[in-house]
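Student: I would like a close look at a single part of this structure, with the surroundings worked through carefully afterwards. Please take the strand pairing in one chain as the starting point and go on from there.

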Amino acid sequence: MPWSREDLAARAARELKDGYYVNLGIGIPTLVANYIAPGLKVVLQSENGMLGIGPFPYEGEEDPDLINAGKQTISELSMSSYFSSADSFGMIRGGHIDMAVLGAMEVSEKGDLANWMVPGKMVKGMGGAMDLVAGVKRVVVVMEHTSKEGEPKFKPYCELPLTGTNVVDMLITDLAVFSRGSRHEPFKLVEIAPGVTAAEIRSKTPAHYVG
Amino acid sequence: MSAETRSSKVYPDAASALHGIVSDGMSLCCGGFGLCGVPEKLIAALHETGVRNLTVVSNNAGTDGEGLGILLASRQIKKMISSYVGENKEFERQYLAGELELEFNPQGTMAERVRAGGAGIYGFFTKVGAGTMVAEGKETRIVNGETYILETGIVTDLSLVKAWKGDTEGNLIYRKTARNFNPNMATAGRITVAEVEELVEPGVLDPDSIHTPGIFVQRIINGSPYRKKIEKRTVRPRKEG
């Protein structure tokens, strides 16, 4: 049985280490916050200018001045801090954030990422995605293994406009996990979802990988 | 802009604060992220001036009927420089009809371009966007095997910002994530106008807690009262008992 959205978030959360500063993208990546292991100190960064994102506020305690990058109302923690957008992206671009979890439309076998634009459709913009993949130390991508039409999304080359080249360190799909030790190495198949076979993954993955 | 010889920075309202500094075809930096920390009173007053052909630097383009969405609906904006413009149907319509120019910048690149412009820096080399559409037509430089692209600083005719508290000298303090682009935008306008929720006399704000020093602010208004909007209300249930 393929992994669910919640399973993907939980799997990405296992990549977190004690003391990490982490940026979570919109969608499934946001759910990663619900699976941080007890006892692990992880500080979540929001690119609109906050370190130490707290949980959603209790009803009646929403503050219009306190939102995450997805524009959702959030709460602050005793260790939280606020800063300007330029400072926020200084942290991101400057390599001070340990890990980012992002969604994707396509990932290439070289670790290229496409997640912001489909030609011919209304383009909403890249937001902070290009800055994140260029600056964050480790980039973990979560996505469906194939599109709604059944097309593979882990491919030899991205066909969609790129967000960054050679930036993905780990790819978690609903069928499998691919990882690589450095950005000079190919991806390895390291985990398979329960009930899924290696042959099925091979048939749905035109990208080159080891294992 | 002889109005700048006026000794006080304080204006009675948004309309008077924009008097004499608005002209067709001007460029504008605007603070805010989504609907958070947006200089809404100044945007409404700018709308009322009837100014046209604006080039606006802002992370987002407001939503329909809110923030910069007001200026879009009235077709007063010629070009947007932004990182993300979802949540606005009128924007989408004008863009697809070819009525609106749009330049996408990666969010951090935009913030840094504004910061650099305000700090007198012509440009900077960044890895962000290298190998993507963002790099097209830009000078590149390879340093230690990494490709960097040249991005230029942004200076505009006018900046509009929103702060929580300000004093009559133009010193500003922002609140929580309503800070966002506002301190950066405040530095990049040849003239910066701030609206605040609470305007106080000098000495009331702690000098050690000022986020934007008054030198960056030429005009200031008390914009209260505010009815702040929430774009996506998310809450958690209270535990029973």
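Tutor: Two strands are taken to pair if DSSP finds at least two bridges between them. With that in hand, and bearing in mind that this is a predicted model, we can begin in chain B, where strand β5 (residues 123–126) and strand β7 (residues 146–152) of chain B pair in the antiparallel sense over four bridges. One position to look for along this pairing is B:T126, whose bridge partner in β7(B) is B:I149. Strand β7(B) is also joined by four bridges to strand β6 (residues 140–143) of chain B, and these two run antiparallel. Here B:R141 has B:Y148 as its bridge partner in β7(B). The hairpin of β6(B) and β7(B) has two residues between the strands, and B:N144 takes a positive phi near 50° in that hairpin. In a regular strand the side chains alternate between the two faces of the sheet.

Elsewhere in chain B, B:Q76 lies in the loop between α3 (69–73) and β3 (77–82) of chain B. B:Q76 is buried, because its relative accessible area is 3%, and the cut-off for being buried is under 20%. Its side chain makes a polar contact with the side chain of B:H47 at 2.8 Å. If neighbours within four places in sequence are set aside, the residues in contact with B:Q76 are B:L46, B:H47, B:G50, B:V51, B:R52, B:N53, B:L54 and B:L71.

Chain A offers a sheet to set beside the pairing described above, namely an open sheet of three strands in the order β7-β6-β9 (chain A), with mixed pairing. Because β7 (113–114) and β9 (154–155) of chain A stand at the edges, each with a single partner strand, one side of each is left without a neighbour in the sheet. Strand β6 (residues 106–108) of chain A pairs with β7(A) in the antiparallel sense over two bridges, and A:V107 stands opposite A:L113 in β7(A). In helix α1 (residues 5–13) of chain A, the buried residues include A:L8, A:A9, A:R11, A:A12 and A:A13. Among the elements that cover the buried residues of α1(A) are α2 (28–31), β5 (99–103), β8 (138–143), β10 (170–173), β11 (176–179) and β12 (188–192) of chain A.

It remains to see how the two chains meet. The contact takes 48 residues from chain A and 52 residues from chain B, and the area buried between these chains is about 4300 Å², of which carbon and sulfur atoms give 60%. In chain A, the residues that lose the most area to chain B are A:D65, A:K71 and A:M122, together 19% of what that side buries. Across this interface the rule finds six salt bridges, and in one salt bridge the side chains of B:R238 and A:E61 meet at 3.3 Å, N to O. The rule also finds 30 residue pairs in polar contact across the interface, both residues being at pLDDT 80 or more. On the side of chain A that touches chain B, the elements giving two or more residues are β4 (75–82), α3 (85–93) and α4 (129–135) of chain A, and the largest share, four residues, comes from α3(A). The residues of that side divide into 22 nonpolar, 15 polar and eleven charged.

Key:
Residues numbered from 1 in each chain as written. Chains lettered and ligands numbered in written order. Predicted model: local features only at pLDDT ≥ 70, side-chain atom pairs only at ≥ 80, totals over all residues. Heavy atoms only, no water. Buried < 20%, exposed > 50% of the residue type's maximum accessible area, 1.4 Å probe, protein only. Polar contact = N/O pair within 3.5 Å; in protein donor to acceptor, adjacent residues only side chain to side chain. Contact = heavy atoms within 4.5 Å. Buried area = accessible area lost by both parts, 1.4 Å probe. Salt bridge = Lys/Arg side-chain N within 4 Å of Asp/Glu carboxyl O. Nonpolar A, V, L, I, M, F, W, Y, C, P; charged D, E, K, R; others polar.
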